[in-house]
Amino acid sequence: MRLDKFLAHTGFGTRKSVKSIIKAKQVRINDKIAKDGKEQVKPEVDQVFVLDEKVHYQEFIYLMLHKPQGVVSATIDNVHPTVISLLGPNEQLFDPFPVGRLDKDTEGLLLVTNDGTLAHNLLSPKKHVAKCYQATIQGIVTKEDQVEFEKGLTLNDGFLCQPAELDILEVDESQQISQIQVTIHEGKFHQVKRMFEAVDKKVTYLKRLSMGPIRLDERLDLGEYRALTEAEMDLLQGIQKDN
């Protein structure tokens with residue numbers, strides 16, 4: 001790994017800005033003063049010091065984001081703001097990406113990382129990672145709908161969904177509106193919306209509450225994020241070990 005990338009990942013600024021501390025001879029790799037940001041560093045072997053203070057390297061970043069509406073789950077978009085644009089410069093230095101996606105008009109839990117292995121495990125169909133959503137539905141959700149979800153309903157394009165758990169929280173018959181929670185075990189495009197379309201109803205508000213064992217921290221306002229706790233990371237490690 002290049003020295004400038006190493007320093008950028010450990011909070012010393014952008015690759016461009018770390019050039020100044022290297023030029024000032026403030027950086028040492030083991031016992032040798034660094035002269036160029038292109039010098040190679042092996043984090044598992046080499047020791048790097050800035051002003052004689054040892055630098056501790058962090059390879060991966062793991063964040064919980066409370067995604068707001070109007071923001072797309074992408075790293076780059078020429079039209080809309082992205083979830084990555086909500087992060088601070090120190091987090092963006094890690095080149096993170098969203099784990100899966102939430103629609104632009106959907107809010108709630110989104111995990112952001114630069115750990116491709118973890119992302120693959122969370123998104124792999126073989127893992128059947130559960131995702132729980134809260135939704136407002138235009139229409140009266142019935143026990144018959146619950147049965148259809150539990151059986152695994154067929155979408156309008158013929159795709160057969162895996163069984164899902166549908167809980168009816170509240171029904172306003174005068175307004176023809178239902179409040180529900182639904183847990184699915186796959187992540188097809190617009191899946192929750194399409195599932196309700198298949199039973200002749202419409203999702204008017206959608207929020208993801210959890211993904212696998214990680215539940216949205218409701219103390220986070222829309223657009224806010226935080227690092228995952230050690231306990232949450234332990235839960236995710238359980239998914240990676242689960243075959």
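## Exercises on a predicted model

**Exercise 1. Describe the setting of Glu91: its helix, its contacts and its charge partners.**

Step 1. Glu91 belongs to helix H3, which covers residues 89–92, and the model in which it is examined is a predicted one.

Step 2. Once neighbours within four places in sequence are set aside, the residues in contact with Glu91 are Ile61, Leu63, Pro96 and Tyr225.

Step 3. Glu91 is buried and yet has no salt bridge; Arg226, the nearest side chain of opposite charge, is 12 Å away, whereas a salt bridge requires a side-chain nitrogen of Lys or Arg within 4 Å of a carboxyl oxygen of Asp or Glu.

**Exercise 2. State the domain assignment of the protein chain and the separation of the centres of domain 1 and domain 3.**

Step 1. The assignment gives domain 1 as 3–55, domain 2 as 62–126 + 214–242, and domain 3 as 131–211.

Step 2. Taken over C-alpha atoms, the centres of domain 1 and domain 3 are separated by 52 Å.

**Exercise 3. Give the number of aromatic pairs, and analyse the pairs Phe60–Tyr62 and Phe149–Phe196.**

Step 1. The structure holds 3 aromatic pairs. One of them joins Phe60 and Tyr62, with 6.3 Å centre to centre and 55 degrees between the planes; this pair is classed as tilted because planes under 30 degrees apart would count as stacked and those over 60 as edge-to-face.

Step 2. Within this pair, Phe60 counts as partly exposed at 29% relative accessibility, while Tyr62, with a relative accessible area of 18%, is buried.

Step 3. Phe149 and Phe196 also form a tilted pair, at 5.0 Å centre to centre and with 45 degrees between the planes. Since Phe149 lies in helix H5 (residues 143–151) and Phe196 in helix H6 (residues 191–197), the pair ties together parts that are 47 residues apart in sequence. Both Phe149 and Phe196 are buried.

**Exercise 4. Locate Asp52 and His128, and describe the phi angle and the accessibility of each.**

Step 1. Asp52, found in the loop between strand S3 (48–50) and strand S4 (53–54), has a phi near 65 degrees, a positive value in a residue other than glycine. At 65% relative accessibility Asp52 counts as exposed, because the cut-off for that class is over 50%.

Step 2. His128 lies in the loop between helix H4 (116–123) and strand S8 (131–138), and its phi is positive, at about 55 degrees, although the residue is not a glycine. With 42% relative accessibility, His128 counts as partly exposed.

Notes
Residues are numbered from 1 along each chain as its sequence is written. This is a predicted model: local features need pLDDT of at least 70, side-chain atom pairs count only at pLDDT 80 or more; totals for chains, interfaces and linings use all residues. Side-chain values use heavy atoms; hydrogens and water are left out. Helices (H or I, at least four residues) and strands (E, at least two) are DSSP runs, numbered from the N terminus. Buried means under 20% relative accessible area, exposed over 50%, partly exposed in between (1.4 Å probe, protein chains only). Lys and Arg count as positive and Asp and Glu as negative; His and the chain ends are not counted. Contact means heavy atoms within 4.5 Å. Domain bounds come from an automatic or database domain assignment. Rings of Phe, Tyr and Trp (its six-membered ring) pair if their centres lie within 6.5 Å; planes under 30 degrees apart count as stacked, over 60 as edge-to-face and the rest as tilted.
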